[in-house]
Amino acid sequence: MERRAKEAAVEELKDIFSSTGSVVMARYSGLTVAEMTELRGKLREVGGRLKVVRNRLAKIALQGQKGEGASDLFEGPVAIAFSEDFTAAPKVAVEYAKANDNFVIIGGFMEEEVFDDTGVVNLSKMPSREELIASIAARLTGQASEVASRLNAPGEKLASQIQAIGEQAEG
């Protein structure tokens with residue numbers, strides 16, 4: 001790889017490491033081209049990508065980045081799975097690793113937090129960004145309807161009392 005290509009690869013990795021929600025590192029020895037293509041397709045479906053990296057270039061790209069502590073994980077043949085949604089890549093990678101013994105998760109990182117393989121599994125179990133937004137929206141909607149009903153309650157009570165007084169006066 002010539003110097004310009006290496007510099008471009010380092011810049012691309014810096015961009016990946018700084019702009020994605022999470023990065024999962026895995027060993028991929030023994031995977032066939034068809035299996036790698038299948039994994040790439042599954043990641044693409046959730047807005048993620050898979051990239052085979054050169055360890056030395058990845059370590060250079062991580063210098064001064066938030067996930068710099070993950071540099072030690074770049075040993076041997078390593079591929080990174082990454083996505084903007086912090087749970088999408090871990091979910092796909094963990095599911096794929098369960099089904100394929102040649103794809104072994106070794107760790108990952110999100111912002112400054114570096115995870116081992118167990119941490120990546122735990123991250124994969126978290127709700128996605130969309131699920132969190134939907135949950136918050138549902139709670140806010142529920143709170144708003146509760147506030148509205150409580151605000152209307154005194155008026156409804158007053159109206160029913162006035163009606164009751166009016167019915168007594170008529171009778």
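A residue is called buried when its relative accessible area is under 20%, exposed when over 50% and partly exposed in between, with a 1.4 Å probe and protein chains only. By that scale Glu111 is partly exposed, with a relative accessible area of 44%. The model is predicted, so local features need pLDDT of at least 70 and side-chain atom pairs count only at pLDDT 80 or more, while totals for chains, interfaces and linings use all residues. Residues are numbered from 1 along each chain as its sequence is written, and side-chain values use heavy atoms, with hydrogens and water left out.

**The sheet**
- Five strands, which are DSSP runs of E with at least two residues, numbered from the N terminus, form an open sheet in the order S2-S3-S1-S4-S5 with antiparallel pairing, where pairing requires at least two DSSP bridges between two strands.
- Strand S2 (48-53) and S5 stand at the edges with a single partner strand each, so one side of each is left without a neighbour in the sheet.
- From one strand to the next the twist averages 20°, taken between N-to-C directions of lines fitted to C-alpha atoms, on a scale from 0 to 180 degrees.

**Around Glu111**
- Glu111 lies in the loop between strand S4 (104-110) and strand S5 (113-115), and its phi is near 55°, a positive value in a residue other than glycine.
- S4 and S5 run antiparallel and are joined by 3 bridges; Phe109 has Val114, in S5, as its bridge partner.

**Helices on the sheet**
- Helix H1 (residues 3-19) packs on the sheet and touches strand S1 (22-27), S2, strand S3 (78-83) and S4, contact meaning heavy atoms within 4.5 Å.
- Helix H2 (residues 33-45) also packs on the sheet, touching S2 and S3, and its direction makes about 140° with that of S2; helices are DSSP runs of H or I with at least four residues.
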